[in-house]
Amino acid sequence: GSGAMMNADLQRERAAATFQPELLTHILDGGAERTRRRKEIEALVINDPDFQHEDLNFLSRSQRYEEAIRKSSLMVMKLREYGIADPDEIYWFKSFVHRGRPEPLDLHLGMFLPTLLTQATPEQQDRFFMPAWNLEIIGTYAQTEMGHGTHLRGLETTATYDPATQEFILNSPTVTSIKWWPGGLGKTSNHAIVLAQLYTQGQCKGLHAFIVPIRQLGTHEPLPGITVGDIGPKFGYDEIDNGYLKMDNFRIPRENMLMKYAQVEPDGTYVKPLSDKLTYGTMVFIRSLIVGDSARSLSRACTIAIRYSAVRHQSELKPGEPEPQILDYQTQQYKLFPLLATAYAFHFVGAYIKQTYRRISGDINEGDLSELPELHALTAGLKAFTSWTANAGIEECRMACGGHGYSRCSGIPDIYVTFTPSCTYEGENTVMMLQTARFLVKSYNQVISGQRVTGMVSYLNDLSRQRVQPQHVAARTVTVRINDPVSLVEAYKACAAWLVEAAAKNLQAELNHRKSKEDAWNRTSVDLVRASEAHCHYVVVKLFAAKLSEVSNAAVRAVLTELCLLYALYGISKKTGDFLQAGILSDAQITQVNQHVKELLAIVRANAVALVDSFDFHDVHLGSVLGRYDGNVYENMFEWAKKSPLNKTQVHESFHKHLKPMQAKL
Amino acid sequence: SVNPDIASERQTASFSVEKLTARLDGGAEQTRMRRAVVEAIECDPEFSRENQYFQSQNERYEAAVRKATHLQKKMREMGWTEDGPEYKYIYRALSGDVAFLLHRIFMRSISVLGSDEQIAKWIPLASQYRLIGSYAQTELGHGTYLQGLETTAVFDSSTQEFILNTPKISAMKWWPGDMGRSATHTVAFAQLYIHGKCYGVHPFIVQIRSLQDHSLCPGITAGDIGPKMNFEHSDNGYLMLQNVRVPRENMLSKFCEVQPDGTYVRRGSQQINYFTMTTVRISLISDEVITPLMKACTIAIRYSVVRRQSKLKPGEQEAKILDYQTQQEKLLPQLAAVYAFHFINDYLQELFNRAYREIQRKNFDTLPELHASSSGFKALVSQHCTSGVEICLRACGGHGYSLLSGLPSLYTKIIASCIYEGENTILLLQTARFLIKCFMAASSGQPVPPSVTYLAAVKPGKCPAKNKLDFLSPDIYTEAFEHTAARLISSTAAELQDLVQSGVKKHDAWNRCTVQLAQAAKAHCHYITVKNFAETVERLETEAGIQKIMKHLCDLFALHGIFSNAGIFLHDGYLSGAQMDMVTASYLDLLAVIRKDAVPLVDAFDFTDKCLNSALGSYDGHVYQRLYEWAQKSPTNTQRSPAYERYLKPLLHNTLSKL
């Protein structure tokens, strides 16, 4: 590195901000005290020489895996040494150690241990939990198979009970049934919780979870009957040994089936679980984490792109004048500022979901499952909505950095490949949207049949009940004031109601024409996804607008209000078709919306750098030469490039091997 | 044997795949030649890409150099030449995974910008690979905006040399391919100074590495710029020049020359420079943009008829995922688009050939239209195809993220095309400038180029469609696109004028309208693409069902365009809400129709399995077996990692404290 001086452009940007970035940081962290603690933990990691290493971009995949394992081992030890036990604090620590990347023990810590806690009997906990806690057992969670993902009932792995020996015999009967993708399965784990179809007394009892040892303790060699390995290189996730697992007549004792709920007795009698809704809890939790992750990943990309756009100068705006900062171009603002607003919106949505989950999981522990269906539907949709948007947004940020965004030194390629699989894992996004749609249609039908619905879908109560014809009808008229977030929430509400009603009616029309429910659903699914998206969009705008009133500092509230307006109006300008067709906004209003978006771009411009500073990413965590806090981009790009593996020798060996002989021959 | 799930798709094709392939190639004879070239390349193990996904940057680079040198031998053996008809097929067969691509640009720039003597001196050396060239334009701090380059070349009349310098870090040459490790020479662009006066950016031939031992020449700092999202095979480089002297004769001087006494002489038209840029843009659309989307569609669609997930009907087998409407909605519009773009590429080639003939006759009148079209279509097509490839990737569920699917590398490569050879937003604004100019000319009754005559007759109106079948009429939807493009261009022109009349400076007014201008340029290109597709369909022979299926694809491309940009069609009431519902209904109906021919439609692209290099997209549909076999070859499985002994073992044995 070089240059302790801050780049003059960035200095000027920061001096011109109209608010104090720290105050906004406190809001994002959930209070000044939490910001302090986060930074304390950050410093613990960043100042620890054990966690320093070469830039991962220059390492091979095997080296990156090895480095991650090294850090993970130390991380577990140090977390205990420092006595860090709060889930948020563990998350921070881990995130700083691995700089926002996944790591090989993720599944052990995030799935194996929690599953033992929630689904193992006390006897099983005695046998497995402490060894796993002490990392004598490292486990993973093997659900997905090569041929089967989101649709769980399709899994093919079998566990057949043999009462003679009181064992389960595990088998991967086909190629498609090979377990595929679980993190940490390839090389790291010696145990796996395996999901398999349970067969006992000649009957299939559906999917159940089994604790399966896969590698020999001591030598770490695969056990007889187990074929296990790494699934090969992926788009990112270089640190993780996503693995495959094939089982051939592999026997485990009866006591290795997780039996807190369902049980198989020694003679093979199957005892049913009391409720199957409880397993939703974990899924809801993980999906809610993805919403927060969407916010953070997009924030990181925005930080990089906006700082770089303040440092980069290009072309001319006025003839004869010096090249302007690219952040002064309207097209650049139009790419970046709506994403900045989106990042803030998603932060608040993430915080809301987390809070709601905590509240409801309290109720669940007391046996009250009434709010679970709505929470499940909401997190499914928001997981899809936010991850799709963030995914596209990260790419937009990268492209806004021109050619240099494409270099790994920008850090954005890494953010992208780390984040993008969340569109698929923990429930493929389209499938998630359709789950939300199922809930919306159900709620709509309840309203039509005279019941009232509550929660985020309560706007459906306002729909007139006598409309039964399948044609579209204009939405409830709302008077929209485009300068007022509250009024814009109403507009989004009307739009969602209109699309939910349209999808429900189209579905009904299909049902009237055809026999099968599934066919009708499939033929309406494009409409249904649109309805879900509109519902989620409404929820995001609503939560953002609601947040404004909680902000006490006037200057901070003012900038957040600008961002909220930008988020809502930009959203309308991208979906003008819906708002026009629903009759919520007129042509003239749409023109005003577009005009106001442009005005807001110019307003947000003044605070753009301060607004990304508020995300408060440490340079080490950001991992970007373009996004450095001090803005000394070009010097450091050169320093970075010199470390490239191709530069290790002055003359590359391929010169002697290929170039020279060719020149001699020609 | 072929997976029955994919075999059954082929039995019901409504058209002849072989005939469509020939149509795409431009004739059966072309198809034959292409297959012969591909066959010759693929049966040579030196060109194998089998282990590519497992290789490091260093290994990829070395393989690319090895292939490039081997290719020279192969070409002599086969009697292929660089300007022969086979050449483009060679590139396709190698998937561009070969070194010395910039060497060709080096040669081309000398041919175009060099004097006859320069051509006579350098081209033979380059074609015999006595030297390896690169092309150094972009700098660390400067990309698309050429005038901003900071490298300097100062003429020293006492020694008859130019002294080249990199005055500051942001002036360092950055990104040029083949320059990091391979090149011995480069064409470097620098600001020319004579007796203290700046004459703007000019090209200079600079030697950077020794022809004997490949070491860097005095005053040269050069190296690789480090890992990127893709192009691991290419040594994109940096170059710093410190008082590097080159003889006066090394400035490429077809258009301007510095005489021994320092007199600067300009000759001929500079417009030809534009023509070179245009040539590069047009050629990349086909090779770098359309081909990757064709491959991605092939992989995703074949996989979608093999992959089964959930049940559509209780009691039945799990359904092929291509039977889900949402999956069709992801993939089939990409398929339609790639055909639309294939035909727009033909249109551009035609435009290009016409302009080239005119230029030979010293008539440069067609250049503005050609330049605007190549810019706009490069932007539209690369943006569309890039997002198309990503959609294909994510339509393959988890397996799409495996490098073995082939999709991640297609994606990370195609995305670069949105930036190089002109950043897309800037290109759209160039097209917009042309459109606004033409609109003003047309409004005042002056003649305008043929592709924009529609701007002369902008008038309010309503779409005449009465039912959803009306929207399957090309006239109806082409007019809707035309109307919308014209409206967006005229309203933006009006706003520009209003701003200027209200006292806003011209450049400021322009910047304030750039979001709309870019949208208007896109709408124009979208309109021309629809119109060209519809006209192409009309010209197709009706035999073998090709015209019929192409008509469906054209309809789908157009209606998907309206459906996903509904706002701009509804905005001035050209389409009513009820008509938009008809568009949606027709669009969704088409998905089910095209679904039946989806696999034959990608088979027609005629990629070999080796060319696709995908575990998911092979012709026989044996996805899972292949994925499993390939994964086992991964070095993570075949080589022993020190991670267990070093870290895992102490971890598992609780001896961490000894670390």
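Helices here are DSSP runs of H or I with at least four residues, and strands are runs of E with at least two. With that in hand, welcome to a tour of this predicted model.

Let's start with an annotated stretch of chain B. The UniProt record, an unreviewed entry, places the feature "domain: Acyl-CoA oxidase C-alpha1" at residues 274–436 of chain B. Over those residues the chain is 72% helix and 0% strand, and the C-alpha atoms at the two ends lie 20 Å apart.

Now for some strands. In chain A, three of them make an open sheet in the order 4-8-7, paired antiparallel. Strand 4 and strand 7 of chain A are the edges, each pairing on one side only. Strand 4 of chain A is joined to strand 8 of chain A by two bridges, and Trp180(A) stands opposite Tyr244(A). Helix 21 of chain B packs on this sheet, touching strand 4, strand 7 and strand 8 of chain A.

Chain B also has an open, antiparallel sheet of three strands, ordered 4-8-7. Its edge strands are strand 4 and strand 7 of chain B. Two bridges link strand 4 of chain B with strand 8 of chain B in the antiparallel sense, and Trp174(B) has Tyr238(B) as its bridge partner. Across strand 4, strand 7 and strand 8 of chain B lies helix 21 of chain A.

Here are the two helices with their angles:

| Helix | Residues | Angle to strand 8 |
|---|---|---|
| Helix 21 of chain B | residues 623–632 | about 115° with strand 8 of chain A |
| Helix 21 of chain A | residues 633–642 | about 115° to strand 8 of chain B |

Terms used
Residues are numbered from 1 along each chain as its sequence is written. Chains are lettered from A and ligands numbered from 1 in the order in which they are written. This is a predicted model: local features need pLDDT of at least 70, side-chain atom pairs count only at pLDDT 80 or more; totals for chains, interfaces and linings use all residues. Side-chain values use heavy atoms; hydrogens and water are left out. UniProt positions are given in the numbering used here, feature names are shortened, and annotations may be inferred rather than shown by experiment. Two strands pair if DSSP finds at least two bridges between them. Contact means heavy atoms within 4.5 Å. Axes are lines fitted to C-alpha atoms, for helices over the stretch in contact, and angles run from 0 to 180 degrees between N-to-C directions.
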